[in-house]
Amino acid sequence: MTHPYLSDHVHLNDEGTAVVILDQTQIPNRTVYLTLETAQQMFDAIHQLQVRGAPCIGICAAYDLYVLAQQIDPQTAAPDFLSQLNQQADYLASSRPTAVNLRWALDRMLETVARCAGQADRLAILHQECIAIHEEDIAMCRSIAEYGLSLIKNGDGILTHCNAGPLATSRYGTALGPLFLGHERGMDFHVFADETRPLLQGARLTSYELSRAGIDVTLICDNMASIVMKNGWVQACFVGCDRVAANGDTANKIGTSGVAILAKHYGIPFYVLGPTSTIDLHCASGADIPIELRDPGEIREKFYTEPMALPEISCYNPAFDVTDHTLISGIVTEYGICRAPYTQSLRAVFEKKYAGLSYGMPEKEDEK
């Protein structure tokens, strides 16, 4: 069964002058599309998680910059044009600091226009590049799904944290991609989806996506992961990521590191799935990853009819935590599955990428 959401939840409008997104804060109760025309609207959409998921943010940011480029006077000389576009890119990048895909996509668009020879070509080239970023993500997700599927078998129980399905990417997703692909091929899985505090992406988005696709899913609170593992109901943990450091440390939604620690205790493999655009080889370790802090009200009152804590209660509300590379069984990319030592295997993946090799298919006897 094809998943109901393919790649249409982030796209340009028919005229190519605005970005249209599915407002993920409205799911699962309402389906609402937003039209983004100004830099402020684009910033707010990313910051408020109306568009979210590291790869999806990158796709959206590329479209955003193309739309903003159209708003610069077409007679502007190349240096000034690039300077104004850089300012817009810096503004958008400040909306969420942890996910590397946001800056990666913006830099790729800037580098593309910097190489542009003439004024007449720059908008066409930017348009071509943002479409390419989107199409490449679709292909990357399919390849990640193939590699991830080689790690599990029919009937397995999978635990996931946060949301790394089609809504967070373009089509199959990263952490959920193997499940959708396997389901299409007639395989059955049972998924335990952590609700994922404080923004409930697991409850609102992951369980929604899996259920709509016909995949057996059970929603659990974050503090129930241990008991389902102890009961023998989980054979693997699949999570996405917002940044991978050069040593294999990974940043993902808050609570992921706790899942990895539990999995280690119960002897369950813990896999991180994400495209190479999420890998930051300039970032030595997880200690160098900036962690976004969010509004305390998300803990005290969001999703409640009445506040659940007094307004004067102080709150610590980090959006992400870092999972140590020693807890990770493998990092699944579009070019293969990286294993420890990650300082070597992650660089080897980039060597494949820059050698221009096409995405490969898993060799199951090696990847099991």
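**Cavities, a pocket and two sheets**

The largest cavity holds about 160 Å³ of space. I start there, and a reminder first: this is a predicted model. Twenty residues line that cavity, and those nearest its centre are Arg52, Gly53, Ala54, Asn163 and Asp242. Which elements supply at least two residues each to this lining? They are α2, residues 54-70, and β9, residues 250-253. By class, the lining divides into nine nonpolar, seven polar and four charged residues.

How many cavities of 30 Å³ or more does the structure hold? Three. The second largest has a volume of about 50 Å³. Its lining runs as follows: Pro55, Gly58, Ile59, Asn101, Trp104, Ile133, Asp137, Met140 and Ser277. Here α2, α4 and α5 each give at least two residues. So α2 is on the list for the largest cavity and for the second largest. Five of the lining residues of the second cavity are nonpolar, three are polar and one is charged.

Now the open space. The largest pocket contains about 470 Å³. It is lined by 20 residues, and closest to its centre are Trp104, Ser277, Ile279, Phe350 and Tyr354. Two or more residues each come from α4 (100-114), α5 (119-149), β11 (279-280) and α11 (342-354). Which element gives the largest share? That is α4, with six residues. The class count for this lining is nine nonpolar, three polar and eight charged. Look again at Trp104 and Ser277. Both are among the residues closest to the pocket centre, and both also line the second largest cavity.

On to the sheets. The first is open, with seven strands in the order β6-β5-β4-β7-β10-β13-β14, and its pairing is mixed. At the edges sit β6, residues 216-220, and β14, residues 336-338, each paired on one side only. From one strand to the next, the twist averages 25°. Inside the sheet, take β4 and β7. Strand β4 covers residues 157-161, β7 covers 236-239, and the two pair in parallel over four bridges. What stands opposite His161 in β7? Val239 does. A helix lies across this sheet: α9, residues 256-266, crosses β4, β5 (190-194), β7 and β10 (270-273). Its direction is at about 145° to β10.

The other sheet is open too, with three strands in the order β1-β2-β3 and antiparallel pairing. Its edge strands are β1 (10-12) and β3 (33-36), each pairing on one side only. Neighbouring strands are turned by 25° against each other on average, direction ignored. Between β2, residues 19-22, and β3 there are four bridges. In one of these strands, β3, Leu34 is the bridge partner of Ile21. Helix α2 packs on this sheet and touches β1, β2 and β3. Its direction makes about 15° with that of β1. That is the α2 we met in the cavity linings.

Last, confidence. The chain has a mean pLDDT of 92, and 94% of its residues reach 70 or more. Residues 1-6 fall below 50, though this stretch has 20 contacts in the model beyond near neighbours in sequence. Residues 364-368 also stay under 50, with ten contacts beyond four places in sequence. Where pLDDT is low, predicted coordinates should not be read in detail.

Definitions and conventions. Residues are numbered from 1 along each chain as its sequence is written. This is a predicted model: local features need pLDDT of at least 70, side-chain atom pairs count only at pLDDT 80 or more; totals for chains, interfaces and linings use all residues. Side-chain values use heavy atoms; hydrogens and water are left out. On a 1 Å grid over the protein atoms alone, a cavity is a set of points where a 1.4 Å probe fits but cannot get out, and a pocket is an open set with protein on both sides within 12 Å along at least five of seven lines; lining residues have an atom within 4 Å of a point. Grid points are joined across faces, edges and corners, and a volume is the space filled by probe spheres set on the points. Ala, Val, Leu, Ile, Met, Phe, Trp, Tyr, Cys and Pro count as nonpolar, Asp, Glu, Lys and Arg as charged, and the others, Gly among them, as polar. Two strands pair if DSSP finds at least two bridges between them. Axes are lines fitted to C-alpha atoms, for helices over the stretch in contact, and angles run from 0 to 180 degrees between N-to-C directions. Contact means heavy atoms within 4.5 Å. pLDDT is the predictor's confidence in each residue, from 0 to 100.
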